[in-house]
Amino acid sequence: MTIGYIGLGDMGGALASRLQSQRKIHVYDRNPAVVRVLEDQGAVACDSIPELARECTAVLLCLPTSDHVRSVIFGHGGLAETLAPHSLIIDQTSGDPGETKAIAKELEARGITLVDAPVSGGAPAAVAGTISIMLGAAPRDVERSIEVLELISPKITHVGGIGAGHTMKLINNLLSCSQRWLSLEALTLAAKNGIDATTALEVLVAGGGRNAYLEQQGSRILAGDRDRGFSLALAHKDLRLACSLGAASGVPTFFGSLSRELYQTAMALIGRDSHVEALATAVERLADVELTTARPSAQA
């Protein structure tokens, strides 16, 4: 099986790097700079999607949206034009489950299999080979998909049929994005009332309010390390899709809908292309307090 990777952004680049450390792969991205990074690691750089598709029988994608996935597959010069029958496409985008199912059905008519396998855990975990993978695939496609995905990480959970991986990813991001905002609210509330943010973080992590965001990101946020993660716009996209999924499923998403609007507010304050961890800056502005100083800039 010859493996290709398309989409070498923050997460895709990390996943492709991990793959390349296990097996030589072919790579493509519209940005030549990120292709060179993988080429320096030993990957075969491709100048176009058709060039990659001619060489590979399994292609992984990590793109901003499902619209980008459709374009890469069915657009002019897309994968569907060149991939051989019985090839496998693994979509690691945080995508729209409904669109994923539609794309899979169209590809099936061409003899090409699509599965969805988004991830959770961040780029460092991807490079380390410890990232969590949520696989959505028909039972007949699970073994072949795992053969590729286990080169990235052994932490693979088959969550259901096609689209289930993307569904689970939206659910995960609904919770993690909401948790991020609420955690930042707690820290700014402490700082605004005269409690040092570092002290507040120590107490929260040791108590019943602890959560993964505070434990893993809290110290970095307080140190001013916020130029990380995917964009606010992509976080908002995931929240929007999760809430739409809730509406279609008859499941109220009260907190999720509030989070979606809060992230919209943050984009208006600091820009849609800001990194998601810069959300701390937006929350600081709304509260008129700084978390990165030794002591809060304002007190109630």
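## A tour by selection

Select G224 to begin: this glycine sits in the loop between α11 and α12 (232–249). The model you have open is predicted. With a relative accessibility of 41%, G224 counts as partly exposed. Now add A278 to the selection. The two residues are 54 apart along the chain, yet the C-alpha atoms of G224 and A278 are separated by 9.1 Å.

**Helices around α11**

Go next to helix α11 itself, residues 212–222, and show helix α9, residues 164–192, with it. At what angle do α9 and α11 pack? The angle is about 55 degrees, and the axes lie 11 Å apart. The pair is therefore oblique, since 55 degrees falls outside the ranges for roughly parallel, roughly antiparallel and roughly perpendicular. The crossing of α9 and α11 is right-handed. Show side chains at the contact. From α9, pick Q179, R180, S183, L184 and L187; they meet A212, Y213, L214, I221 and L222 of α11.

Keep α11 on screen and bring in helix α10, residues 197–206. Here the axes come within 11 Å and cross at roughly 175 degrees. An angle over 145 counts as roughly antiparallel, so α10 and α11 are roughly antiparallel to each other. The α10 side of this contact consists of A197, T198, L201, L204 and V205. Facing them in α11 are L214, E215, G218, S219 and L222. Note L214 and L222: both appear in the contact with α9 and in the contact with α10.

**A buried serine**

Select S259, in helix α13 (residues 254–270). Is S259 buried or exposed? Its relative accessibility is 6%, so S259 counts as buried. Leave aside residues up to four places away in sequence, and S259 touches S178 and L239.

**Strands β5 and β6**

Move to strand β5, residues 88–91, and strand β6. They pair in the parallel sense over four bridges. Find L88, which stands opposite T113 in β6. Follow the chain from β5 through helix α6 (residues 97–108) to β6; this β-α-β crossover is right-handed.

Now isolate β6, residues 113–116. In a regular strand, side chains alternate between the two faces of the sheet. Which residues lie on each side of β6? T113 and V115 are on one side, L114 and D116 on the other, and all are buried. Both faces of β6 are thus covered.

**Helices α4 and α6**

Stay with α6 and add helix α4, residues 66–74. The two pack at about 10 degrees, with axes 10 Å apart. That makes α4 roughly parallel to α6. S66, V69, R70, I73 and F74 in α4 meet E99, T100, A102, I103, E106 and L107 in α6.

**Strands β8 and β9**

Select strand β8 (residues 132–136) and strand β9 (residues 156–160). Four bridges join this parallel pair. G136 stands opposite G160 in β9. From β8 the chain crosses through helix α8 (residues 139–149) to β9, again as a right-handed β-α-β crossover.

**Two backbone stops**

Most residues other than glycine have a negative phi. Two stops on this tour have a positive one. Select H86, in the loop between α5 (79–82) and β5. Its phi is about 75 degrees, although H86 is not a glycine. H86 counts as exposed, at 65% relative accessibility.

Finish at D288, in the segment after α14 (279–287). D288 has a positive phi of about 55 degrees and is not a glycine. With a relative accessible area of 54%, D288 is exposed.

How values were computed
Residues numbered from 1 in each chain as written. Predicted model: local features only at pLDDT ≥ 70, side-chain atom pairs only at ≥ 80, totals over all residues. Heavy atoms only, no water. Buried < 20%, exposed > 50% of the residue type's maximum accessible area, 1.4 Å probe, protein only. Pairing = 2+ DSSP bridges. Right-handed = clockwise from strand over helix to strand, strands pointing away. Axes fitted to C-alpha atoms, helices over the stretch in contact; angles between N-to-C directions. Parallel < 35°, antiparallel > 145°, perpendicular 65-115°, else oblique. Left-handed = near helix turned anticlockwise from the far one by under 90°. Contact = heavy atoms within 4.5 Å.
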